[in-house]
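Ready to get to know a new protein model? Work through the exercises below with the structure open beside you, and try each task before reading its solution.

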Amino acid sequence: APDHLDARGDRRVASGSAGRSVGEGKMGGGADPLPRRPTAFTSATLQAGDSSDAEDEAMRSRYLPTTEVAMVTIPDAPLRPMAPGDLIARATEMLASFNGDKVSPDAHAERCLDEWRVREASDATFIRQCFYGCVRYAKMLGAFTKTMYHARGGDILRSDRDLYTVYAYLLLLRLDELGWDQFARLLGANSEQKMLPLMKFAFDERVLDDVMRDQWLKIYDPPWVDNVLASLLSWRHEADDLVARYEDEVHLAKLGDGAREKHQSWMTTDAIEDELGGRKGPKLNGVTVPKPFKLHPPKPKPLPARYQPPKKPKPKPVPASNKPLWEIGELTAEQREVRRAEEVNAARARQKLEEANRMAFKLAAVERPTNLDEVRAEVENERMKHFLAARGDGFRARPMPSFYEEWAGVERTSTSGP
């Protein structure tokens, strides 16, 4: 081979080793880097300038490949499940970027998964199911988050509304499928300060029965709502333990960095004292053992005295001089005069009535002669005749006329026919 080919080959090997070392630094030693591709040979390069045949041949041998280079493809990264924090973050981002007026839930989910390059089937199913559930039960979850923000608005941020919506869906509707251990892993993806208000509100039985149940009954049937509440409260003991641990973490975080070590030392001292139990043991040098104060027990407060309403004062009777005369049975002079006049008028009226009853009325019309009886009898006879005639008694019909028996002669002509 020519000398320049050997030199080119050495340079290619050197560049390949350098590229491999760089590739190993970037890719973590996983796949071999691509070899350096040769420079393209063009006619413009050969025709440029006046050169001799030897120079042209050298140029050709330099730029034209002498051996075939195998193209190496970079393998995909191994399929690894996403962390719990990434799953919750992707589900929250998918829900926050969804606009139902412009795109359907299926199209939005596929676009987001393709954009994020989620290749693990279980991860894509989890993110898609969380998104579909939040869209389907939007009214139920909206009532839950709205009430939670109203009750604990000082402990949570408005920007985490979509995050709490995803957690509320998993907590209310999918907790039995996930199990408490997996759900605790999902809760651990965020800080205890964010998750503590959610857990306190979600497992507050008074809030669920008095507030949330009434709001959910406006949307769903009572048996379904009672089933959701019963399923949620069945995890109450596990939730109480987790809430207690979160409260300790939040409290120690507020005290500072050294509070956790002090707390652990106190717990260790208490454990040693409990283990000793008053028995003689090794002397604890340099360890402060807390002891309770000898305080006198408080005296019970006396019961409040029974309330006795004051007696009503008994007023003195009104003197007789202040009472009206009619109340004590006496009349004034004017009243006595009126009563006397009423009695006199009543006596006069009775006297006139008695005189009128003794004297009979005498009418002049009664004493005059009259033919009233004769007129009455004549009218009665006329009425009786009409009655008998209508009934048929004493009524006789006239005979039929005889003009039907006398027929006039009719002369026949030749046109009248036989």
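## Exercise 1: What is hidden in helix 8?

The buried residues of helix 8 are Leu163, Tyr164, Thr165, Val166, Tyr167, Ala168, Tyr169, Leu170, Leu171 and Leu172. Keep in mind that this is a predicted model.

**Task.** Find out how many of the 13 residues of helix 8 are buried, and how far the helix reaches.

**Solution.**
- Step 1: Find the helix, which runs over residues 161–173.
- Step 2: Go through the buried ones; they come to ten of 13, so helix 8 counts as mostly covered.
- Step 3: Go from the first C-alpha to the last: the reach is 18 Å, close to the 18 Å expected at 1.5 Å a residue.

## Exercise 2: Two helices that cross

**Task.** Describe how helix 7 and helix 8 meet: at what angle do their axes cross, and is the crossing left-handed or right-handed?

**Solution.**
- Step 1: Pick out helix 7, residues 138–151.
- Step 2: Look at the axes, which come within 10 Å and cross at roughly 115 degrees.
- Step 3: Check the hand of this crossing: right-handed.
- Step 4: See who makes the contact. Helix 7 brings residues including Leu141, Phe144, Thr145 and Met148, while helix 8 brings, among them, Arg161, Tyr164, Thr165 and Ala168.
- Step 5: Sort the contact by class, and you get ten nonpolar, three polar and two charged residues.

## Exercise 3: One residue up close

**Task.** Take Thr165 of helix 8. Is Thr165 buried or exposed, and which residues does Thr165 touch?

**Solution.**
- Step 1: Compare its relative accessible area, 10%, with the cut-off. Buried means under 20%, so Thr165 is buried.
- Step 2: Leave out residues up to four places away in sequence, and Thr165 touches Leu95, Cys134, Leu141 and Thr145.

## Exercise 4: The covered side of helix 4

**Task.** Work out where the buried residues of helix 4 sit around its axis, and what covers them.

**Solution.**
- Step 1: Locate helix 4, residues 84–96.
- Step 2: Mark its buried residues: Pro84, Leu87, Ile88, Ala91, Thr92, Met94 and Leu95.
- Step 3: Look down the axis of helix 4. The buried residues fall within an arc of 160 degrees, so they line one face of the helix.
- Step 4: Recall a handy rule: an α-helix has 3.6 residues a turn, so residues three or four places apart point the same way.
- Step 5: Find the cover, which includes helix 5, helix 6, helix 8 and helix 10.

## Exercise 5: Zooming out

**Task.** What share of the 418 residues in the protein is buried, and how many helices and strands are there?

**Solution.**
- Step 1: Buried residues make up 20%.
- Step 2: The protein has 18 helices and zero strands.

Conventions:
Residues are numbered from 1 along each chain as its sequence is written. This is a predicted model: local features need pLDDT of at least 70, side-chain atom pairs count only at pLDDT 80 or more; totals for chains, interfaces and linings use all residues. Side-chain values use heavy atoms; hydrogens and water are left out. Helices (H or I, at least four residues) and strands (E, at least two) are DSSP runs, numbered from the N terminus. The expected span of a helix is 1.5 Å times one less than its number of residues. Buried means under 20% relative accessible area, exposed over 50%, partly exposed in between (1.4 Å probe, protein chains only). Axes are lines fitted to C-alpha atoms, for helices over the stretch in contact, and angles run from 0 to 180 degrees between N-to-C directions. A crossing is left-handed if the near helix is turned anticlockwise from the far one by less than a right angle, and right-handed if clockwise. Contact means heavy atoms within 4.5 Å. Ala, Val, Leu, Ile, Met, Phe, Trp, Tyr, Cys and Pro count as nonpolar, Asp, Glu, Lys and Arg as charged, and the others, Gly among them, as polar. The arc is that of the directions from the helix axis to the C-beta atoms.
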